[in-house]
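Please open the model in your viewer and keep the selection tool at hand. The tour proceeds from one selection to the next.

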Amino acid sequence: MTDQYAVIGNPIGHTKSPLIHGLFAQETQQDMTYTAIEGPISPQEAFAETVNTFRAAGGKGMNVTAPFKLKAFAMADDRSERAELAGAANALRFENGRIVAENFDGVGLVRDIEVNLHLPMAGKRVLVLGAGGAMRGALLPFLAARPAELVIANRNVSKAEALVAQVGVRASLLACGYGDLEAMRRFDLVVNATSASLTGELPPVPPNVFNPEGAAYELAYGKGLTPFLRLARNAGVLGIADGVGMLVEQAAEAFAWWRGIRPQTRSVIDQLTVPLD
Ligand code: NDP
């Protein structure tokens, strides 16, 4: 029987996941379908019921997007360490009557930065703006990439501090507010993991953090030159990128987890890329 997968979110009309997984399935010759499901926001228990209905009908796994990542995590029987730290799941696998939760956002991001953009983080100074769900999922993969220093700046500083406290205090990891950045040396890589770009806003980041020989990465995608990327470019940074590669790489991780085969990502990224200018 053809194996069934789906992405669940609300709204879901914008999702690129069926296209991405369809291309992966074609390339790796997998007998599977992948659909998009608009999940119910209320009542409270309706999300879990929708997932369980899909599962009971033979579903093998799901991607989970906003606003259900926390609910998906909560209903899982088993959770990866990355999902535990994020407190959120972006992928589920149904096996032996159990629901397993994973979070591939962070590995997808690190893979895009290190492999696709050729920017190894080992020994580098890295600044991340934002301490929301995406950064929570990315913290362990970022630490595994061994930057010399990882600074997490957030408007709500206590959220960044709580995140750092969860993995344990270490010299190379610092939580701070935006005001503290003015006194800091420039960074090799500045990552915008805030949702500010979704509303055309700029996080209050001072331009001194950018290194013209370094890079700037925006998690949002398909939005062209966001205020953050524009600021980086005006500061002389040539290496700028948005999150389309992250989107495709996290999908490839989920695909490999479900199917046991890793698809190629380059041509899919090229197909989905919206030019920055
Ligand atoms: P959350 O809602 O969980 O977190 C939002 C974060 O943005 C918080 O740290 C918040 O700060 C900060 N923030 C929001 N507005 C501003 C602002 N105007 N100035 C400064 N900080 C601001 O969002 P996510 O972590 O889920 O998503 C973050 C971004 O990552 C989004 O753009 C999303 O689209 C993108 N994303 C991309 C993916 C991809 O595959 N490319 C995958 C997942 C996410 P505070 O805590 O102080 O409120």
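Two strands count as paired if DSSP finds at least two bridges between them. With that in mind, and noting that this is a predicted model, select residues 125-129, strand β7, together with residues 187-192, strand β10: the two run parallel and are joined by four bridges. Within this pair, leucine 127 stands opposite valine 190 of β10.

Next, extend the selection to the whole sheet. Its six strands follow the order β9-β8-β7-β10-β11-β12, with parallel pairing, and the sheet is open. Why do β9 and β12 each have one side without a neighbour in the sheet? Strands β9 (173-176) and β12 (239-241) stand at the edges and have a single partner strand each, so one side of each remains without a neighbour. On average, neighbouring strands are turned by 15° against each other, direction ignored.

Now add residues 133-144. This is helix α6, which packs on the sheet and touches β7, β8 (149-153), β9 and β10. The direction of α6 makes about 170° with that of β8.

Turn then to the largest pocket, which holds about 1,400 Å³ of space. Select Lys69, Ala134, Thr194, Ser195 and Leu198, the closest to its centre of the 46 lining residues. Helix α6 appears again here: β3 (59-64), α3 (69-75), α6 and α9 (244-259) each supply at least two residues of this lining. Domain 1 (3-103 + 246-272) and domain 2 (106-242) each contribute at least three.

Finally, visit the second largest pocket, with about 160 Å³ of space. Closest to its centre, among 13 lining residues, are Leu117, Ala241, Val244, Ile269 and Thr273.

Note on methods:
Residues are numbered from 1 along each chain as its sequence is written. This is a predicted model: local features need pLDDT of at least 70, side-chain atom pairs count only at pLDDT 80 or more; totals for chains, interfaces and linings use all residues. Side-chain values use heavy atoms; hydrogens and water are left out. Axes are lines fitted to C-alpha atoms, for helices over the stretch in contact, and angles run from 0 to 180 degrees between N-to-C directions. Contact means heavy atoms within 4.5 Å. On a 1 Å grid over the protein atoms alone, a cavity is a set of points where a 1.4 Å probe fits but cannot get out, and a pocket is an open set with protein on both sides within 12 Å along at least five of seven lines; lining residues have an atom within 4 Å of a point. Grid points are joined across faces, edges and corners, and a volume is the space filled by probe spheres set on the points. Domain bounds come from an automatic or database domain assignment.
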